[in-house]
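Here are a few short exercises to work through with the model open beside you. Try each task before you read its solution.

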Amino acid sequence: MKRFLAALILLLGITYFVLPLIGMAEFSLSMRRGVYSLDAYRKVIADPQFRQTFGYSVVMALLTIVFGVLLVVPTAFWVRLRMPHLRPYVEFITLLPLVIPAIVVVFGYIRLYNTSSWLPLTGSTFGTNLLLMLGYATLSLPYMYRAVDTGLRTIDVATLTEAAQSLGAGWITILARVIMPNVLVAVLSGAFVTFAIVMGEFTMAALLNRPAFGPYLQLMGANKAYEPFALAVIAFIITWACMGLIQLVTRFSKHTKAAR
Amino acid sequence: MSFLTIEHLEKSFGPNKVVKDFNLNVEKGEFVSLLGPSGCGKTTVLRMVAGFEQPSSGRIGIDGQDVVRLRPNQRSIGMVFQAYALFPNLTVAQNVGFGLKVKGTPRNVIDARVAEMLSLIGLADLGSRYPFQLSGGQQQRVALARALAPSPQVLLLDEPLSALDAKIRLSLRNEIRAIQRKLGITTIFVTHDQEEALSMSDRVVVMHQGIADQVGTPFDIYNKPATRFVAGFVGTLNTLEADVLDPKTGHVRLPGGEARLGRPLPAGRITLAARPEMITLGAAGRDTSLAGHITEVDFLGSVIRIRADLGGQSLAFDTFNISHVSPPKVGEKVTLGLNAADLLVIGD
């Protein structure tokens, strides 16, 4: 009886989550009357604005990942190694993007870095892109920090660092050759989550007026019938592919057993 | 001048002084053990030599150079840790070659040195394995090879055998000593295991509450303990309170008998000590006999450890297990023998 009830709840849960997705996918294939077709997808992919916004967001996502890794890995490493007493504060700071809405952050940016400020980042395309990338890095900070911190927890950071130091390694060598390779799976998890966040982010890109994929999704949704659903399916596939890649990387990591 | 000199070394963590005026001179190629209970400061001394802790005061010199201000990666030291600390992402060969690679040594030189080191530790065939594919003993051998590969001036061993099981520990300690002798590398070994320290070292430093209580050869440490702590910590020791009857001749009254030590003693009440192996059941051939009764008999296989009560003071001693001789029984009255020259006078 208990088992049946559990199966029933599971089935209801799956139905609740999967049914809208099936509906969405089905609708995205129904552009041609009476038959299923990939017309909506073809139209979307043929749209130069899709390629441009998609490409822009991919580049921004990669830059955000690089910046996030360079910021988070040394910070989490240093906090764990030398300043464990600061850990609760750092954790609190990294959680702030979850409680401060993106719109508040971006208005703060615009107020601080507008053309009449001491650092007029919004006055140039490069500056605005930089601001957007920093905004994306802020949004992904909770996930990236937690992923890296969890990765660091699985290795004996202090002893490995001391072992490397005794062999003549400096801080950069330690980070690049000892710490990074051993938290690579965790870093990649954070990186894929960051990628998914950036690809779907709307508020910051729209308010900073940058040609990103999120605002394009919204624009299509407001003006077309089938294409937005095709885009949504594409966005879901990207997210799932990222999650699948996390699983794959974890499984094929050669030395994960040694990290215990 | 000694190769490694530690002068007036002190270390405090907040108000807690964990190393107090520590001095040690180690000759080139010497194997010195820091022996003591947990929290005595031995690992802190080692970490200060390695550069992982900054001394509160004092000087550490290696081959005449003061290294206190040098960062760990600037000191020519090799270190082996209790937890192996092999880099999980690198193969055995890459681990061993890490220090040389960091130094920018040419590839062919690294390969040759790695092969030499792996052969030295008897793992020549395992170069392509990852650390998790090795046993604990093999991992520690690799850690030793990795520490030795860059030819450091000093080798530091921080309880490297503690995480291993008894059998591996025994074979590995012989191996470590053999390799150290072969390479002639100056070594400091930290351990809380007295058997390890006594069997491996040229000299032993017994540490207690941040102070080097005694520095000496294993023979001296065991047979001539300088303080009550060293006497109690190294080996098993019976202590007996005695009244000095004649300070000039060393005539003392012990519980259960009297002894003549034949050397001057301070007047009044003193503490004497005797190792269990110096005491025999029966006084034949011994110059001192003590009367008592048996309180405990522990059968340990090849030996039987017996505890006797001598006028309120307890004395442990060992006899060999002889199959056709029954051990004494609890409550049985016995005479114990020892030579007065084997009695140690214990200071504070």
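**Exercises on backbone, strands and rings**

**Exercise 1.** Find where E159(B) sits, then describe its backbone and its burial.

Solution. Step one: E159(B) belongs to the loop that joins strand 7 (154-158) to helix 5 (166-183) of chain B; helices (H or I, at least four residues) and strands (E, at least two) are DSSP runs numbered from the N terminus. Before going on, note that this is a predicted model in which local features need pLDDT of at least 70 and side-chain atom pairs pLDDT 80 or more, while totals for chains, interfaces and linings use all residues. Residues are numbered from 1 along each chain as its sequence is written, chains are lettered from A and ligands numbered from 1 in the order in which they are written, and side-chain values use heavy atoms, leaving out hydrogens and water.

Step two: the phi of E159(B) is near 45°, a positive value in a residue other than glycine. Most residues other than glycine have a negative phi.

Step three: with a relative accessibility of 9%, E159(B) is buried (under 20% relative accessible area; exposed is over 50%, partly exposed in between, with a 1.4 Å probe and protein chains only).

**Exercise 2.** Is H8(B) buried, exposed or partly exposed?

Solution. Start with the location: H8(B) is in strand 1 of chain B. Its phi is near 45°, again positive in a residue other than glycine. Finally, H8(B) has a relative accessible area of 49%, so the residue is partly exposed.

**Exercise 3.** Trace the pairing of strand 4 of chain B through I62(B).

Solution. First, strand 4 (residues 57-62) pairs with strand 1 (residues 4-13) of chain B, antiparallel, over 5 bridges; pairing takes at least two bridges found by DSSP. Here I62(B) is the bridge partner of L4(B). Next, strand 4 also pairs with strand 5 (residues 65-66) of chain B, antiparallel, over 2 bridges, and I62(B) stands opposite Q65(B). Strands 4 and 5 of chain B form a hairpin with 2 residues between them, and D63(B) in the turn has a positive phi of about 50°.

**Exercise 4.** How are the rings of F229(B) and F233(B) arranged?

Solution. Begin with the count: there are 17 aromatic pairs over all chains (rings of Phe, Tyr and Trp, the last by its six-membered ring, with centres within 6.5 Å; planes under 30 degrees apart are stacked, over 60 edge-to-face, the rest tilted). F229(B) and F233(B) form a stacked pair, 5.4 Å centre to centre with 15° between the planes. Both lie in helix 8 (residues 228-233) of chain B, 4 residues apart, about one turn of the helix.
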